[in-house]
Amino acid sequence: MQKRALICGAGISGLSAGICLKRLGWHVTVFEKDSELRTAGAGLNLWPNGVRVLKSLGLGAPYAEISCSLERYRTYSSTGEVVAIEDLRDWPERYGAYLSGVYRRDLSRMLLDALGSERIRFGHQLSEVEQDDQVVCRFTNGQVAEGDLLVGADGIGSIVRSAVFGQQSFTAAGLVRWRGLFDLCDVDVDPLSEAEVWGEDGHFGYLPIGHGKAYWFAAADGITHDPKAVVAHFAAWKGSPVPGLVAATDEATIIRSDLHDFVEPLSHWSKGRVTIAGDAAHPMLPGMAQGANQALEDIAALGTALAAHDDVEQALRTYEQTRMPQVAPVVRYSRSLFDFDDNHELTKSDRNPLFDRYDRIVERRGVPNQ
Ligand SMILES: Cc1cc2nc3c(=O)[nH]c(=O)nc-3n(C[C@H](O)[C@H](O)[C@H](O)COP(=O)(O)OP(=O)(O)OC[C@H]3O[C@@H](n4cnc5c(N)ncnc54)[C@H](O)[C@@H]3O)c2cc1C
């Protein structure tokens, strides 16, 4: 008999879990609390590790269609000196894929098309989880669903996680990241390069995301609520490309996000027939731009474990044993880009440490050089 997977949440984790399990022959239902697909959130940096997972799910061609492959990564100081230019053109041979930028809205739609909209139940907010020889989900609209497996892909405030593992404590450092969208035709920058700009009072980055669009992400010392103050702050970074980019940004596209990760990582992700993935399992700061990439890697590992073990509980144990040690250092090193004092030191070097960290922690699963 076809096994039934219940997936809670239609973000990147939930949609990709649905596609993966459907390909393995499971009957999949994704439950999403919102009434439609969430499309907000500017762009996203997908690194080769995330793009390889999309390829393994048969989505290499549609992803190439909607995204932008990046050939260079420039690092500047806030006064415009070039710190480093990383040539990324050999990454497809080195890592199996390019570094890329994508509009979140386009990525969500691509994943939804691959899953099939008939597999999603919108307007289903999970409220309770029970399990014995099956898992049962109850929703606030009165609906009940039963399956052989529940994947909690319901983000940082996961109900699945708290139902199974209790409440977690989050870091509350008041960290905020700002993002805004602009059109490449309005600015004079390399359309195939991502860039980062380091200053003592902030951090700014931007990247193309396909179809002539680009977005910036920024953190500015002490500016936590006012988008106008963000624009004014970065307009002063004269000599660097930043003032031109904020001037080309429609203020209506500027969004702010509070950033949190766990005070202590979870000691398990799976219990019985229930597991968690993506931000539900390991929220991380965006310092390495790895949250969604790690979520995709979770789903690939979950799929491998479920393909290898008929017994669901054994598969979920294998999944967490594989992924927990891989994700932990990524969460730790993702914090460090928010230390602006470090940025000043970094401008004295001719390397951006992001690439060493990516290579050692993500690709080679080792410990980075400091
Ligand atoms: C400022 C910022 C920049 C970032 N940049 C990058 C980047 O460049 N690259 C990268 O890889 N990552 C980045 N990330 C991280 C990335 O956005 C997340 O890791 C990723 O989106 C997590 O996806 P998810 O599907 O696990 O969770 P979510 O996207 O949070 O999806 C969870 C889904 O579950 C639904 N849901 C929640 N509760 C319930 C419920 N009770 N019942 C039913 N449905 C429910 C929600 O509505 C939502 O649709 C960034 C994050 C931030 C904040």
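These legends accompany four close-up views of a predicted model of a protein chain.

**View 1. Two domains of the chain meet here.**
The domain assignment gives domain 1 as residues 1–36, 122–170 and 267–338, while domain 2 covers 175–259. Taken over C-alpha atoms, the centres of domain 1 and domain 2 are 32 Å apart. At the meeting place, 4 residues of domain 1 are in contact with 7 residues of domain 2. How much area is buried between domain 1 and domain 2? About 510 Å², and carbon and sulfur atoms give 78% of that area. The side of domain 1 that touches domain 2 has 4 nonpolar residues, with no polar and no charged ones. The count of salt bridges between domain 1 and domain 2 is 0. Polar contacts come out the same way, with 0 residue pairs found across the interface where both residues have pLDDT 80 or more.

**View 2. Asn45 sits in strand β3.**
Look for strand β3 at residues 43–46, and you will find Asn45 there. Is Asn45 buried or exposed? Asn45 counts as buried because its relative accessibility is 5%, and the cut-off for buried is under 20%. What does the side chain of Asn45 reach at 3.0 Å? The partner is the backbone oxygen of Ser100. The Asn45 side chain also makes a polar contact with the side chain of Glu194, at 2.9 Å. Beyond its neighbours within four places in sequence, Asn45 is in contact with several residues, including Leu70, Leu99, Leu207, Tyr215, Ala289 and Asn293.

**View 3. Leu184 lies in the loop between β13 and β14.**
To find this loop, follow the chain from β13 (175–183) towards β14 (193–199). Leu184 has a relative accessibility of 17%, so Leu184 counts as buried. Leaving aside neighbours within four places in sequence, Leu184 is in contact with Val189, Pro191, Pro208, Gly212, Lys213 and Ala214. Now pick out Tyr63, which is 121 residues from Leu184 along the chain. The C-alpha atoms of Leu184 and Tyr63 are separated by 20 Å.

**View 4. Helix α12 is mostly covered.**
Helix α12 spans residues 353–363, and 8 of its 11 residues are buried. Which residues of α12 are the buried ones? They are Leu354, Phe355, Asp356, Arg357, Tyr358, Asp359, Ile361 and Val362. As you trace the helix, it helps to know that an α-helix has 3.6 residues a turn, so residues three or four places apart point the same way. Just after α12 comes Arg365, which takes a positive phi of about 50 degrees.

Key
Residues are numbered from 1 along each chain as its sequence is written. This is a predicted model: local features need pLDDT of at least 70, side-chain atom pairs count only at pLDDT 80 or more; totals for chains, interfaces and linings use all residues. Side-chain values use heavy atoms; hydrogens and water are left out. Domain bounds come from an automatic or database domain assignment. Contact means heavy atoms within 4.5 Å. Buried area is the accessible area (1.4 Å probe) that two parts lose on being put together, summed over both. A salt bridge is a side-chain nitrogen of Lys or Arg within 4 Å of a carboxyl oxygen of Asp or Glu. A polar contact is a pair of N or O atoms within 3.5 Å; within protein, one must be able to donate a hydrogen and the other to accept it, and residues adjacent in sequence count only if both atoms are side-chain atoms. Ala, Val, Leu, Ile, Met, Phe, Trp, Tyr, Cys and Pro count as nonpolar, Asp, Glu, Lys and Arg as charged, and the others, Gly among them, as polar. Helices (H or I, at least four residues) and strands (E, at least two) are DSSP runs, numbered from the N terminus. Buried means under 20% relative accessible area, exposed over 50%, partly exposed in between (1.4 Å probe, protein chains only).
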